[in-house]
Amino acid sequence: MKTLRQRYIRDRIMVSLLIISTIIVLLPLLIIIFYVFVNGISALSWDFFTQELGSPGRAMQGRPTGLVHTIIGTLVVDSLALIFAVPIGIGAGIMLSEFPDHRLNPTLRVMNDTLNGMPAVLKGLLAFVLIVKPMGTFSGIAGGVALAFVMLPIVARSTESALMSIPWSIREAGLAIGLPRWRVINSTIIPAARFGLVTGMLIAFARAAGEAAPLLFTSFGNNYLSNHWTGMIFGPVDTLPQRLYSLAISPYSHWHEMGWAAAIVLLGFVIFSFLVARIATRQKFYT
Amino acid sequence: MEPDIVRENNTLKQTTTEHNKSFTDESEIRMQTRNLSVHYGSAIGVQDVTLPVYNNKVTALIGPSGCGKTTYLRALNRMHDLTRGTIVSGEVLLDGKNIYDPSIDPVIIRRRVGMVFQKPTPFPTMSIFDNVVAGLKLVGIRNKNLLNDVNERALRQAALFDEVKDRLDKPATSLSGGQQQRLSIARALAVEPEVLLMDEPTSSLDPQSTNRIEELIHTLKEQVTIIIVTHNMQQAGRVSDQTAFFYVGNLVETGETKTIFTNPKESRTEDYISGRFG
Amino acid sequence: MRAAFNIHLADLQQDLFTMAEMVTTAVNKSITALKNRDMEGARQIKSDDIFINNKRWEIEEKCISLIATQQPVATDLRELIAVQNIITELERMGDYASGIAGIVLKLGDVPLVKPLIDIPRMAEMAVEMLNRSLKAYAERDDKSARLICEQDDHIDELYHQVYRELLSIMIENPKTITTSTYLIWVSHNLERIADRVTNICERIIFLVTGEMVENVAKYE
């Protein structure tokens, strides 16, 4: 009877330790959210969401200033990144999953893993060399490409994973009724894996949305909103992570406050993307 | 109680009814293999199998695990094309033509030689209707009337129509295991194959569903030629007209089912059938 | 696979009835040949016996196949076993009819020592018993089957009667011994035929109830 009691107590201790560990892990997240919120809430105003930044003088003189161009710029650059990364990433994922015996695959896998492990700043450098130098200017496209390099390996990996989770027998069933290979993939496998694919895209998006380093010398930044939408694509454009950095190291206190506010928006953006991804995976299951 | 009596020259002759009409007639061969071998690298799947399969008859392939019967079956509709490193040699003749001829498109072969697998695999994102007509819809045939007709025909052939006719738009995964397997059969039949390959189709089903599918095979053979792999000998006895016994990659014996089960020629066949091994 | 099995079974029973028809024909013809002293007819009956034998093997082979490939149990199994036993009995009956035909040939033109009254009656009763037993088999009627067994006693009585009559004829007139003996053999064959029918009835009872009953004759 004594040992039963001991085991019971030990069990309870273990569970408590697990709970404590979980809390320790979650604590930094909660601290960040709290800190950012407390510091930045004061700068969140109507102006914040409708005005451009302008020169430091604006803030010092109390004239309306805000980060509308940054928010729009972030959306533009991130969308461009998605447009570049998704087709290529999904294509690579299909290649890896559906044609496992293909000669190219080992090379593809190595390249993907390397790209995944490369520091984001180097990806920015790659985009600088490939896009900025030839164009002669910083641009939204360059930023999009840099972020695409960040997204690509994630999309490819998760696509491969999602497709591999579909039992091989479905492919055989499709082939056995006389469907060509690509038809089987398009019409039976991809629809079945669609939630996994979307999740992968959303996670890649959320990851890339938070990257600042690659944007520093590709999209570079802009204190003003372009007159024409092409200006945002072919010229320098402001994005939240990069602007946050600039505001933080500036000497102006009002800009510091706006930096915190930008942090709130960025955090909200990233958390929102992850939440949507989570909800997407919770829907329809098939047996 | 009138017997078939024929008077010929004052003698009483008893005519037998059509039992035991031999089907080993050359002209009745639908599919056959000649010296078919399948290797995975150095491992041998099946070796040098020459076996005819007769039109509108059920041929059962039996043998212990690993004897190569499934490997053999999958060579008949070029499923081995998918796995690199599998070498198929010899000939598989469908209506006299070798299906491994380089000029022949395997996709077309797979429409003529359909396959049903051990686990029912309905396409998970499609309704019952879409599953049945997948072989047509996914290659571009959109004519609603045609699809409806094919759907009904195939489901009736698979003895499933009456059970699902009121819920054709429901997901295919809402059916029971036995129903899903019949759905897989309907799907295979929708493209009107000449031969239907069945790889242990009732292994994952309960006895009642198994019985239904066996009855189904009995009526189906009038429309398609059936080759069935089964590890259940009694099923082979109940269902087939011709039985082929495989052992360690070789075809040991083949013949009319009732002969194999009452008087097999090879002692290995007899041992397997009486349950002395495997 | 019940549908397929039932078809085979129905086929088998049809074959059984066919064989029974062949046997009744043979018995009736043999007595007719005896009455008419028809040598040609008798020869025909003897040579036709081979068809009865072949039919028996054909049906037996089918039974074995069905058992091997369909694994029948319970009633289905008893069905097949019953068929197998009945055809054996029928085949023996065919042999008896052939035996009677053989005696017709042996008797030749020799005048019969007594008018044929009881012997044809025995034949009639035996054939009637056989037909009734087949009807009982078709209808799975074990009660009728039991009643038929009782009729066997009548034939036994007739047999003993014929035997005593012929015996006294033989004692009176030793020259008639050969002919009388032949006639005794004929009636003996008919009595055996009736006995075989009771065996068939026992099989029918077994088929319907699962019980094995042994019919005890009044006269031993």
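**Notebook: two positive phi angles and the A–B interface**

I began with A:Phe220, which I located in the loop of chain A between α11 (213-216) and α12 (229-234). The model I am working from is a predicted one, and I keep that in mind for each entry below.

I looked up the backbone of A:Phe220 and noted a phi near 70°, which is a positive value in a residue other than glycine. I then checked its accessibility and found A:Phe220 partly exposed, with a relative accessible area of 44%.

I turned next to C:Ala74, where phi is again positive, at about 50°, although the residue is not a glycine. I placed C:Ala74 in helix α3 of chain C, which covers residues 74-107, and I recorded a relative accessibility of 48%, so C:Ala74 counts as partly exposed.

For the interface between chain A and chain B, I listed 22 residues of chain A in contact with 26 residues of chain B. I noted that the two chains bury about 2,100 Å² between them, with 68% of that area on carbon and sulfur atoms.

I searched for charged pairs between chain A and chain B and found one salt bridge, formed by B:Arg74 with A:Glu172, whose closest N and O atoms are 2.2 Å apart. I also counted four residue pairs in polar contact between these chains, both residues being at pLDDT 80 or more.

On the side of chain A that touches chain B, I saw that α8 (168-176) and α9 (181-192) each supply at least two residues, and that α8(A) gives the largest share, seven residues. Sorting that side by class, I obtained ten nonpolar, six polar and six charged residues.

Technical notes: Residues are numbered from 1 along each chain as its sequence is written. Chains are lettered from A and ligands numbered from 1 in the order in which they are written. This is a predicted model: local features need pLDDT of at least 70, side-chain atom pairs count only at pLDDT 80 or more; totals for chains, interfaces and linings use all residues. Side-chain values use heavy atoms; hydrogens and water are left out. Helices (H or I, at least four residues) and strands (E, at least two) are DSSP runs, numbered from the N terminus. Buried means under 20% relative accessible area, exposed over 50%, partly exposed in between (1.4 Å probe, protein chains only). Contact means heavy atoms within 4.5 Å. Buried area is the accessible area (1.4 Å probe) that two parts lose on being put together, summed over both. A salt bridge is a side-chain nitrogen of Lys or Arg within 4 Å of a carboxyl oxygen of Asp or Glu. A polar contact is a pair of N or O atoms within 3.5 Å; within protein, one must be able to donate a hydrogen and the other to accept it, and residues adjacent in sequence count only if both atoms are side-chain atoms. Ala, Val, Leu, Ile, Met, Phe, Trp, Tyr, Cys and Pro count as nonpolar, Asp, Glu, Lys and Arg as charged, and the others, Gly among them, as polar.
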